[in-house]
Every structure is written in structure tokens, then in C-alpha cells.
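Let's take a walk through this model together, helix by helix and then residue by residue. Have the viewer open as you read.

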Amino acid sequence: MGDLRITDVTVHLVVWPLRMKRRHGVGDIERSMPGVIVRIGTDGGIVGWGEAAPWAVFTGTAEASAAAISRYLKPVLVGADPMRVTTLMRAMDKAVTGHGDAKAAVEMALLDIAGKRLGAPVSTLIGGRHRDRIPLSVSIANPDFEEDLDFARDVIANHGVNIFKVKTGFTSHAEDLRRMERLKAALPATADIRVDYNQGLDPWDAIRLLRDIEAFRPTFIEQPVKRHQRAAMAEITRALDTPIMADESVFDPAEAVELVRDRFADLVSIKIMKSGGIQRAREVAAITEAAGITAYGGTMFEAGLAIAAGLHLVAATPNIALGAEFYTSTFVMGVEILATPIRIEDGQTIVPDGPGLGVEVDEDAVRRVSVALEG
């Protein structure tokens with residue numbers, strides 16, 4: 001097998017139309033969401049695709065991610081061997097600091113190329129599958145709660161979904177309790193309900209408010225306070241019976257070490273976009289598994305490419321055992337860029353079987369949502 005070289009890197013700044021509003025403790029989204037698609041070509045005719053899904057209030061802006069790839073990462077990539085993924089990731093870290101979601105998109109495309117060349121899925125390349133189907137969690141995050149109840153009924157009836165994560169902290173505590181009561185009454189008794197504050201509480205009264213939420217017996221409560229308020233997170237974790245999950249407080253392996261050392265949460269949400277790629281996400285999973293901290297598969301506002309990458313990550317990582325929220329490409333995005341959408345069966349997302357990411361990109365659909373890159 002001869003050498004393969006990267007010949008071109010194409011960056012698409014895209015704007016995704018959204019089907020529904022989403023509200024979180026840290027910010028709101030409606031109508032549209034920016035993102036980035038990257039295409040890496042090679043002299044062997046193999047093309048790899050990746051996606052960055054930044055959010056301005058969480059990881060950074062799509063414009064910054066697109067610029068990072070086109071101005072700083074592209075020179076590292078063109079002419080390089082795409083099979084040397086680890087070497088290229090280190091070189092990109094030297095080329096520009098931060099921009100984890102941009103690097104995740106590039107890594108995604110490199111792994112897509114490697115899998116296609118070797119005839120193996122990404123999940124095989126990173127260790128082999130531990131699971132072929134992943135329990136699907138959908139979020140209850142619409143400020144129009146009646147619409148969300150209809151959404152919940154639909155995904156139960158038509159997709160077999162049984163895990164629901166309720167976004168709280170963006171309205172009054174009384175309204176959060178009312179929503180929880182109504183949702184609990186509307187869902188089957190077997191439904192697995194989780195709660196996510198997205199940093200929406202102030203530390204001084206968080207424990208008092210969360211004890212009210214505990215009455216609904218959620219599986220976990222995610223990120224109740226601000227990312228940097230880890231000491232408050234630790235106090236909440238010790239005070240409550242319900243497991244506390246860290247999301248924004250743990251981005252990368254270094255912060256996973258802090259989680260293990262300080263025990264400021266019982267669980268952790270692992271996201272490719274936070275960690276800066278699949279390799280770094282697996283490092284987070286390995287660190288937390290060694291300490292007995294189980295993980296959940298989180299996402300940003302991701303279309304089909306990033307969802308496919310997340311499926312391969314969770315499939316090959318035993319410690320990400322609490323299901324995953326791979327619902328956005330199917331239910332939230334108003335445009336499908338995959339020729340064959342991600343499959344959902346009996347409340348589970350199905351890991352693609354084909355080589356690389358195992359998906360085919362509809363390039364016309366990508367062009368339809370692309371907007372001009374400035375500069």
C-alpha cells in the first residue's frame with residue numbers, strides 16, 4: 001500500500017435551519033445555528049469528511065472554527081500523510097491553541113480517510129466495537145412546553161425512545177417543577193428522566209432547589225452551576241442522593257484528572273467537540289473509568305457527520321455507558337446532509353457499518369446551507 005498525501009482542504013461555513021427552539025441555562029437557540037463542514041481530498045481519490053459544531057456560549061464561534069481550519073490547520077495538512085492521525089493532531093496543537101471543535105472536525109475527516117483506505121469503520125480503528133446500538137436520549141428543551149410534550153409522545157410512539165433529559169434553569173424554579181410534574185405524568189412509568197441545568201443555578205441556593213428536583217427521582221442532574229464553580233459542584237455532589245454529572249466543567253483529559261482528584265461530580269458527559277476529537281474524548285473516558293466515574297455520550301448541535309463520529313466513539317468506548325443524545329440530526333436540524341440518515345430503531349441509534357464514518361455526504365445539501373467565509 002503506497003503513500004497517500006493530502007491534496008486539498010475545503011472548509012464550508014454553514015447555517016443549519018432548525019425545526020424547533022432550544023432553551024438552556026446558558027443560552028437559547030432558535031431558527032438557525034452556524035456550523036462547519038470540512039472536506040479533505042487526497043491524491044488517491046479518497047475523500048474524508050468532518051464536522052465542527054461550536055456554540056458561541058459554550059465552545060466558541062463557527063466563524064473562528066472555520067478560520068482556524070482554513071488559515072492555520074490547512075498548511076499543516078496539505079502534503080501530509082493522512083494516515084498519521086496522531087502526528088497531525090500534535091502538529092495542529094502546535095499550529096494554533098484551542099479551537100478543539102475545529103481540530104475534532106479535521107480528526108474526523110482523517111479517520112474517515114483512514115477507514116476508507118483500510119476498509120474498516122472508525123470504531124474498528126479505535127479499538128473495536130463494544131456495542132452496535134446506543135440508547136437514545138432526547139432533550140426536553142423547548143420554551144413551548146406543549147410542543148415538547150407532543151415531541152415526547154411522537155418519539156415514544158414512532159421511535160421507541162425511553163430516555164428524556166429535561167433542560168432546567170432557564171425559567172423559574174416553580175415552572176421547572178411544573179414541567180417536571182407534567183412530563184412525569186405524560187411519560188410511561190418506565191421512562192428514564194434526567195435533568196440538565198446547563199450551569200443555570202447560583203451556588204448559594206442550588207442545594208435547596210435541587211432537593212425539590214430529587215423528588216422526581218431523576219437518573220442524574222447535570223451541571224447545576226457554572227463551569228468554574230467546581231468547589232460548589234463538589235458540595236452539591238456530597239449533599240444530594242442523586243448523582244451529579246459534570247459537562248461544562250470537564251472539557252479535556254487535564255480537566256478529567258481534576259474531576260478524579262477533587263470528585264466534584266459522580267458522572268461525566270463526554271463530547272467530541274469539547275475534548276477536541278475522538279482520541280482526546282477516549283482519553284477522558286479512560287481517566288474517568290479508572291476512577292469508577294461512568295460517562296454519558298453528549299453532543300452539541302450536530303448534524304449527521306458529527307453524530308456518526310459520536311456513534312463510533314461510544315460504540316468503541318465501554319465506559320460511555322449511560323446512552324447518548326444523538327438526536328439532533330434527526331429531530332432538530334432542518335437539513336439532512338447524509339444520503340442515508342442515521343438510523344434509529346427501538347429507542348436506539350444504530351452505529352454505521354461502512355468503512356470510515358460509514359456515511360455518504362450529499363454535497364448538494366452541504367452547498368445549500370453554506371455561506372461565504374469572510375476574509
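What follows covers two helix pairs and then a few single residues.

A bit of housekeeping: this is a predicted model, so local features need pLDDT of at least 70, side-chain atom pairs count only at pLDDT 80 or more, and totals for chains, interfaces and linings use all residues. Residues are numbered from 1 along each chain as its sequence is written, and side-chain values use heavy atoms, with hydrogens and water left out.

Start with the helix pairs. Two packed helices are described by the angle between their axes and the distance between the axes. Helices here are DSSP runs of H or I with at least four residues, strands are runs of E with at least two, and both are numbered from the N terminus. Axes are lines fitted to C-alpha atoms, for helices over the stretch in contact, and angles run from 0 to 180 degrees between N-to-C directions.

Find α7 (residues 203-214) and α8 (residues 230-239): their axes come within 10 Å and cross at roughly 25°. That makes α7 roughly parallel to α8, a label for angles under 35 degrees (over 145 is roughly antiparallel, 65 to 115 roughly perpendicular, and the rest oblique). The crossing of α7 and α8 is right-handed, meaning that the near helix is turned clockwise from the far one by less than a right angle; anticlockwise would be left-handed. On the α7 side, Pro203, Ala206, Ile207, Leu210 and Arg211 meet Ala232, Glu235, Ile236 and Ala239 of α8, where contact means heavy atoms within 4.5 Å. Sort the residues of that contact and you get 7 nonpolar, no polar and 2 charged. For this sorting, Ala, Val, Leu, Ile, Met, Phe, Trp, Tyr, Cys and Pro count as nonpolar, Asp, Glu, Lys and Arg as charged, and the others, Gly among them, as polar.

Stay on α8 for a moment. Its buried residues are Arg230, Ala232, Met233, Ala234, Ile236 and Thr237; buried means under 20% relative accessible area, exposed over 50%, and partly exposed in between (1.4 Å probe, protein chains only). These buried residues pack against α7, β11 (244-246) and α9 (253-262).

Now swing over to α5 (residues 145-159) and α6 (residues 173-186), which pack at about 25° with axes 11 Å apart. These two are therefore roughly parallel to each other as well. Phe145, Glu146, Leu149 and Arg153 of α5 make the contact with Arg179, Arg182, Leu183 and Ala186 of α6. The split at this contact is 4 nonpolar, no polar and 4 charged.

On to single residues. Aspartate 81 sits in the loop between α1 (62-77) and α2 (85-95) and is buried, at 13% relative accessible area. Its side chain reaches the backbone nitrogen of methionine 83 at 2.9 Å. Setting aside residues up to four places away in sequence, aspartate 81 touches Leu4, Arg5 and Leu88.

Most residues other than glycine have a negative phi. Which way does glutamine 199 go, positive or negative? Its phi is positive, at about 70°, and glutamine 199 is buried in the loop between β9 (192-196) and α7. Arginine 263 also has a positive phi, of about 50°; this residue lies in the loop between α9 and β12 (267-270) and is partly exposed, at 37%.

Definitions and conventions. A polar contact is a pair of N or O atoms within 3.5 Å; within protein, one must be able to donate a hydrogen and the other to accept it, and residues adjacent in sequence count only if both atoms are side-chain atoms.
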